[in-house]
Structures are given as structure tokens and as C-alpha cells.
Amino acid sequence: MCAKDLRIELRARVVMAQVLPFGVLVLILFAFTLDPNSAILPRIAPGLFWITVLLSSILAVGRSIAVEAEHGARDALRLSGMDGGAIFLGKVAAVVVQLLALELVLIVATFMLYSIDVRGLEVLVIAAISATIGIASTGTVYGVLASGAKVRETLVPLLVLPICAPVLLGATKAFESALAGRSGEAWPWVQLLGAFGALYLTVGFIAYGTLMEEA
Amino acid sequence: MSKQASGRAQTVNAGRPWLGLTAFAGVSATFVMGLVVAPKDEQQRDAYRLLYMHVPAAWLAYLAFTVTAIASALYLVPRTRHLRWDYLAGASGELGVMFTALMLAGGSLWGKPVWGQWWAWEARLTTTAILLFLYLGYLALRRIGGSPQQRATRSAIAGLIAFIDVPIVHFSVSWWATLHQEGSVFNDKMQLHIRDGVMQFTLLLAVASFTLLYVWMCMRRMELLALDEGLAERELQLAIDERSNRPATTNPVTV
């Protein structure tokens with residue numbers, strides 16, 4: 001399942017060719033609205049980075065749902081007799097891989113554009129992975145909840161953004177602490193991110209079978 | 001719509017007009033007590049009177065979302081699966097959003113004279129704002145169409161997902177809020193001490209009558225949701241019956 005979604009992405013390159021430029025563009029636009037010469041950009045860079053990631057994730061998740069909606073692929077999946085939970089994990093894994101690739105490019109862009117010194121790298125990596133699992137799980141569950149709706153493109157952001165508010169908060173704070181050289185303060189936030197990711201991964205795993213059948 | 005259908009809607013509600021009447025009487029009495037009879041607060045003067053709406057709204061918002069979560073869980077358990085739980089979840093969710101909005105609006109109106117600002121980035125306020133949007137999304141999801149069973153399953157799962165997010169949001173936001181601002185807005189002067197007997201009575205009256213109002217509105221809304229469900233079908237059936245000059249064959253709706 002994961003490999004299939006990634007193969008589709010490799011062939012179509014929608015995420016890399018459209019979502020990634022969108023993300024970088026958002027980072028540049030932030031600099032327009034905030035005075036780029038003052039010290040404000042490096043200070044609020046973690047927040048700007050994670051808002052950009054969250055907005056880009058919504059697009060990536062939308063793409064992940066659209067892949068299933070085309071050509072009745074969802075019915076084919078249901079016929080395949082695969083366990084709903086396994087399908088869910090596969091889809092989340094594919095979204096996580098794509099988002100991590102996206103984040104890698106975006107974080108490099110953030111560091112360069114906002115001139116930031118990299119510190120606490122291991123905290124950054126673990127925080128990013130935990131946060132991404134949380135975003136991908138909630139996004140995938142809500143994606144299938146809203147799938148089939150004509151208003152899906154506008155509904156998914158309304159559903160995902162508030163539920164991911166703790167992720168945005170935790171990831172931003174973890175990044176801030178790590179970049180300021182206070183990695184110790186980042187760990188509680190990283191634990192929060194990990195707990196969030198684990199919780200919604202479990203919820204999605206349980207719920208997805210029911211959703212594929214009935215919704 | 002024909003006479004038969006509207007007549008049926010009335011018979012469904014006929015059983016409990018007293019509940020609605022008591023609720024309205026209680027809320028009216030609360031207004032009189034809260035605005036006229038209850039004395040001014042020494043610190044906050046008249047501004048504190050918003051409390052009589054704010055406290056019930058806050059309590060009912062949390063009650064309503066809890067009811068939505070319980071009803072959602074009951075729908076998902078195969079043994080108790082019945083569309084009435086979906087109607088209850090939907091009705092309560094709508095009321096929860098209404099009371100949350102009321103709580104935010106009222107709190108904001110109170111914040112301006114007492115804090116000197118409409119909004120403070122304080123933990124409870126921020127959590128409540130996120131809560132409002134969580135359930136606005138839930139309500140939007142309920143309206144995307146599909147069969148009643150599809151909607152019920154989807155909304156039940158969404159209702160539970162939103163509900164378990166509430167403590168996480170609250171926890172993370174309070175952590176965040178305590179990090180960077182300590183008592184810039186809050187101090188002991190802001191603490192309201194309701195010691196006066198009339199004040200206490202008014203507050204109790206407010207909570208009780210708004211709760212009755214919630215129960216009554218929730219029941220009415222459930223009935224409406226149930227009636228709404230088969231509306232198109234029943235109208236079609238009625239039209240067919242009228243054409244063939246037969247007596248109506250549709251069944252009355254029960255919740």
C-alpha cells in the first residue's frame with residue numbers, strides 16, 4: 001500500500017512538483033510581510049516553518065485521498081480483502097515519507113532564507129518525525145471521513161487544522177528550544193508529539209476498517 | 001407540504017410543552033434576577049453580570065460535547081446501534097457549538113471592561129477557541145451527504161476523534177500559555193467571590209434554567225433531524241398517493 005502510493009507519486013510528482021514549490025513560496029511570502037532585515041525572522045522561524053509544513057501537509061493529504069478516488073480505486077481496495085488497519089498504516093507511511101522529504105527541503109530553505117544556525121539536530125529530527133506521524137494519521141483519517149464529499153477540498157483543512165493545533169504548538173516549541181541550544185526543554189514537547197502520533201495512529205488503525213466499509 | 005405531514009410533526013412534540021415553558025420561564029427569571037435584582041460586584045461593577053450567562057454556557061458547552069461523544073460511542077457499538085444516537089450526537093453538537101460561541105462572545109464582552117482587552121492568549125480562552133473550530137468541522141462533516149448510516153458512522157468517528165483531542169489541546173495550550181506570560185492580565189482583583197446570597201441564587205437559577213433549555217432544545221432538534229431525514233422520500237410518497245387518489249401510506253416518524 002505504502003509502496004503503491006509512493007510509486008504513484010514518483011510517476012506523477014504532484015507533491016514534489018506542486019506542493020514543495022508552494023511551501024517554499026509561503027516561506028518567501030512570510031519574509032515579505034515581516035521585515036526581513038530585522039532580527040524577527042530567525043526568532044519566529046520555527047513557527048513559520050511549521051505553519052508552512054501544516055499547510056503543505058493539507059495539500060499532500062488531499063492528494064493522498066484523490067489517488068484513491070480516481071478510477072474507483074477504493075472499491076478495488078475493499079475487494080482486495082486487505083485489512084482496513086493495514087491499508088491505513090500503508091497510507092500513513094506513504095504520507096509520512098512524502099512529508100519528511102518535503103520538510104527536509106523546507107527546513108533547508110528556512111535555515112538559508114532566515115539565516116539560522118543549526119543546533120540540536122537530533123531533537124529536530126525526532127520532533128519532526130513524531131509531528132509528521134501525528135499530522136499524517138489525523139490527515140488520513142479525516143481524509144477518508146470526508147472522501148466522496150463534493151466539498152472535500154475545503155472540508156479537510158477545517159477538520160485537520162484544529163485537531164493538529166497541539167502538533168503545531170509542540171513542534172514549534174521543540175524547534176525553538178533546540179535551536180536556542182536548550183535541547184533539555186524540548187523533550188517534554190517531543191513526548192507530547194510522540195503521544196499524539198501514537199494515539200491517532202491507534203485510533204486510525206481501529207477506525208479505518210469501519211470507515212472503508214461504510215463511509 | 002401537506003396538512004398530514006405538519007400535523008404529524010405536532011403530535012410528536014405534543015408530549016412536553018411544559019419542559020420548554022419551564023426553561024423559558026427560568027431563563028426569563030434569570031434575566032430579571034441577573035440584570036435587576038442581583039447587586040453590583042464591588043470590583044467589577046455591572047460587568048460581572050455576564051457571569052450569569054457565561055457560567056451556564058461554559059458548563060453546557062462541555063456537557064453538550066460530552067453527550068455528543070457518548071452518543072457517538074453508543075452508535076458505534078453494534079449492540080446499541082440506532083440512528084437516534086446519531087440524531088442526539090448531531091443535536092447536542094450543534095448546541096455545544098452555540099454555547100461555545102456564546103461563551104467566547106460573552107467572555108470577550110466582559111474582557112474589554114475588566115481586562116481592558118477583548119482577548120487574552122490565556123490557556124482556557126485559547127482552548128475554547130480551538131474547541132469551537134473542532135466542532136464546527138464536525139458539524140460541517142455531518143452535512144456532506146450520503147446515506148443516514150454513512151453519515152452516522154462518519155460523524156460518530158469524527159465526534160470521538162474531536163473529543164479525545166480536547167484534553168490534548170488543553171494540556172498543550174496551558175503548558176504554552178504558562179511559559180511566556182505570567183499574570184499580565186490576571187491578578188487577584190479579577191477573582192470574583194460570589195458570597196452574596198442573591199448572587200448565588202441567581203447563578204444557580206441561571207445554570208438550572210439554561211440546562212433545561214439545553215435539554216428541551218436538544219430534544220426538539222432531534223425530532224427535527226428525524227423528520228428531516230425522510231422528508232424528500234415522504235414528499236414523493238405523498239405526491240404519488242395524491243395522484244393515485246389513495247389515502248396516505250407514509251408512516252409517522254418516531255425518535
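Start by selecting chain B: of its 255 residues, 32% count as buried. Keep in mind as you click around that this is a predicted model.

**Stop 1: chain B as a whole**

Switch to cartoon and colour by secondary structure. You should find 8 helices and 0 strands in chain B, so to speak in the order α-α-α-α-α-α-α-α when you walk along the sequence. If you like contact maps, pull one up for chain B: among contacts between residues at least 6 apart in sequence, 79% join residues at least 24 apart.

**Stop 2: where α4 and α7 of chain B cross**

Next, select residues 83-115 of chain B, which form helix α4, and residues 197-229 of chain B, which form helix α7. These two helices pack at an angle of about 130°, and their axes are 8 Å apart. The angle makes α4(B) oblique to α7(B). As for handedness, α4(B) passes α7(B) in a right-handed crossing.

Now show side chains where they meet. On the α4(B) side, pick Tyr87(B), Leu88(B), Gly90(B), Ala91(B), Ser92(B), Glu94(B) and Leu95(B). Facing them from α7(B) are Tyr214(B), Met217(B), Cys218(B), Arg221(B), Met222(B), Leu225(B) and Ala226(B). Colour this contact by residue class and you get 10 nonpolar, 2 polar and 2 charged residues.

**Stop 3: the side of chain B that touches chain A**

Bring chain A back into view. Which elements of chain B give two or more residues to the side that touches chain A? Before the answer, the overall tally: 24 residues of chain B are in contact with 24 residues of chain A. The elements to select are α5 (123-142) and α6 (148-180) of chain B. Of these, α6(B) provides the largest share of that side of chain B, with 14 residues. By class, the chain B residues on this side split into 15 nonpolar, 7 polar and 2 charged.

**Stop 4: Ala128 in chain A**

For the last stop, hop over to chain A and select residues 121-146, which make up helix α6 of that chain; Ala128(A) is found there. Is Ala128(A) buried or exposed? Ala128(A) counts as buried, because it has 23 C-beta neighbours inside 10 Å, and the cut-off for buried is 20 or more.

While you're there, add Leu100(A) to the selection and draw a distance between the C-alpha atoms of Leu100(A) and Ala128(A): they are separated by 7.8 Å. Along the chain, Ala128(A) and Leu100(A) are 28 residues apart.

Methods. Residues are numbered from 1 along each chain as its sequence is written. Chains are lettered from A and ligands numbered from 1 in the order in which they are written. This is a predicted model: local features need pLDDT of at least 70, side-chain atom pairs count only at pLDDT 80 or more; totals for chains, interfaces and linings use all residues. Helices (H or I, at least four residues) and strands (E, at least two) are DSSP runs, numbered from the N terminus. A residue is buried if 20 or more other C-beta atoms lie within 10 Å of its own, exposed if 12 or fewer, and partly exposed in between; C-beta atoms are placed from the backbone. Two residues are in contact if their C-beta atoms, placed from the backbone, lie within 7 Å. Ala, Val, Leu, Ile, Met, Phe, Trp, Tyr, Cys and Pro count as nonpolar, Asp, Glu, Lys and Arg as charged, and the others, Gly among them, as polar. Axes are lines fitted to C-alpha atoms, for helices over the stretch in contact, and angles run from 0 to 180 degrees between N-to-C directions. Angles under 35 degrees count as roughly parallel, over 145 as roughly antiparallel, 65 to 115 as roughly perpendicular and the rest as oblique. A crossing is left-handed if the near helix is turned anticlockwise from the far one by less than a right angle, and right-handed if clockwise.
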